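Subject: Structure handover and findings

Dear colleague,

I am passing the structure below to you, together with an account of what was found in it. Please read the notes with the model open beside them.

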Amino acid sequence: MRIDIITVLPELLKSPFDASILKRAIDKNLVEVEIHNLRDYGIGNYKQVDDYQFGGGAGMVLMIEPIDKCISELKGQRNYDEVIYMTPDGERLNQGMANELSLRQNIIMLCGHYKGVDQRVRDQLVTMEISIGDYVLSGGELAAAVLSDSIIRLLPGVLNDETSALTDTFQDNLLAPPVYTRPSRYKEWEVPPILMSGNTPKIEEWREEEALKHTQKRRPDLLED
Ligand code: ADE
């Protein structure tokens, strides 16, 4: 898989891909992530990428031309399955979307900034709009990092224990059951004895029950689907 991220703030996207699981996935060539500075496609000597909005009003708007130039250049090199615009008014990200996107070959993510992008970018160039939650960030970069992480960790070979993504919270629409590690007793706080029983079927049963209880308590909406 290849992910191309278009941004006016490439430095914001350096560290998320430079540590831990994402770095390992890139180093193992399981995913290629390229960050593109929109300013490289800016207009004129000043490499302008944004302008005032027609009709008046505060805030700058990212112009269509630099974005179109960047996307066209990328599309000249390979086919893209999706051009995703990160925006708080997009479709809210969930595990199902991450699962589906992890099956794609090439994805472009476009990060909005200031007041957003010229509407014609959304109408003509973008194929999907994704929000990572009902709150407004300063730009789409952190959202693109979150979306990338949610996708990349699902790619075959990225997680050491292949089964661990399958038992994640939200797979099967259930929150994950509680987990414990040593010591089995800390102060007067004990680990549920069933987990030390060695009885694997019983432990699995307990985990399923706990996952269900936890979901009923915290996210009953997940059980309605
Ligand atoms: N850009 C700003 N806020 C965002 C959000 N919540 N999700 C995706 N992109 C954003």
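A polar contact is taken here as a pair of N or O atoms within 3.5 Å. The model is a predicted one, and the account begins with the ligand.

The ligand

Three backbone positions come within that cut-off of a nitrogen atom of the ligand: a polar backbone atom of Thr87 is 3.1 Å from a ligand nitrogen, a backbone N or O atom of Gly133 also lies 3.1 Å from a ligand nitrogen, and for Leu137 the corresponding distance from a backbone N or O atom is 3.0 Å. On its own the ligand has 260 Å² of accessible area, and the protein covers 96% of it. The elements that contribute two or more residues to the shell around the ligand are β5 (82-92) and β7 (128-131), and of the elements it is β5 that gives the most, with 3 residues. There are 13 residues around the ligand, and those that come nearest are Thr87, Ile132, Gly133, Tyr135 and Leu137.

Asp168 and its surroundings

Asp168 sits in the loop between α5 (141-152) and β8 (185-186), and it is buried, with a relative accessible area of 18%. Its side chain makes a polar contact of 2.5 Å with the side chain of Arg153. When neighbours within four places in sequence are set aside, Asp168 is in contact with Arg153, Leu174 and Ala176.

Cysteines

How many disulfides does the model hold? The count comes to 0, and the distances show why: a disulfide requires two cysteine sulfur atoms within 2.5 Å, whereas the sulfur of Cys70 is 11 Å from the closest cysteine sulfur, in Cys111, which is too far for a bond. Seen from the other side, Cys111 is likewise in no disulfide, with the sulfur of Cys70 as its nearest cysteine sulfur at 11 Å. Cys70 is buried at a relative accessible area of 0%, and Cys111 counts as buried at 1%.

Aromatic rings

A pair of aromatic rings is described by the distance of the centres and the angle of the planes. The count of aromatic pairs comes to 1. The ring centres of Tyr186 and Trp189 are 6.0 Å apart and their planes stand at 45 degrees, so the pair is classed as tilted; planes under 30 degrees apart would count as stacked and those over 60 as edge-to-face. Tyr186 is partly exposed, with a relative accessible area of 47%.

Backbone geometry

Most residues other than glycine have a negative phi, and most peptide bonds are trans, so the following places may interest you when you go through the backbone. Lys47 is not a glycine, yet it has a positive phi of about 55 degrees; it lies in the loop between β2 (32-37) and β3 (50-52) and is partly exposed, with a relative accessible area of 36%. Lys187 also has a positive phi, near 50 degrees, and is placed in the loop between β8 and β9 (189-190), where it is exposed at a relative accessible area of 55%. A cis peptide bond, with omega at about 0 degrees, joins Arg182 and Pro183, and Pro183 lies in the loop between α5 and β8.

With best regards

Methods: Residues numbered from 1 in each chain as written. Predicted model: local features only at pLDDT ≥ 70, side-chain atom pairs only at ≥ 80, totals over all residues. Heavy atoms only, no water. Phe/Tyr/Trp six-rings, centres within 6.5 Å; stacked < 30°, edge-to-face > 60°. Buried < 20%, exposed > 50% of the residue type's maximum accessible area, 1.4 Å probe, protein only. Helix = DSSP H or I, 4+ residues; strand = E, 2+ residues; numbered from the N terminus. Polar contact = N/O pair within 3.5 Å; in protein donor to acceptor, adjacent residues only side chain to side chain. Contact = heavy atoms within 4.5 Å. Near = heavy atom within 4 Å. Areas by Shrake-Rupley, 256 points an atom, 1.4 Å probe, with all protein chains shown as cover.
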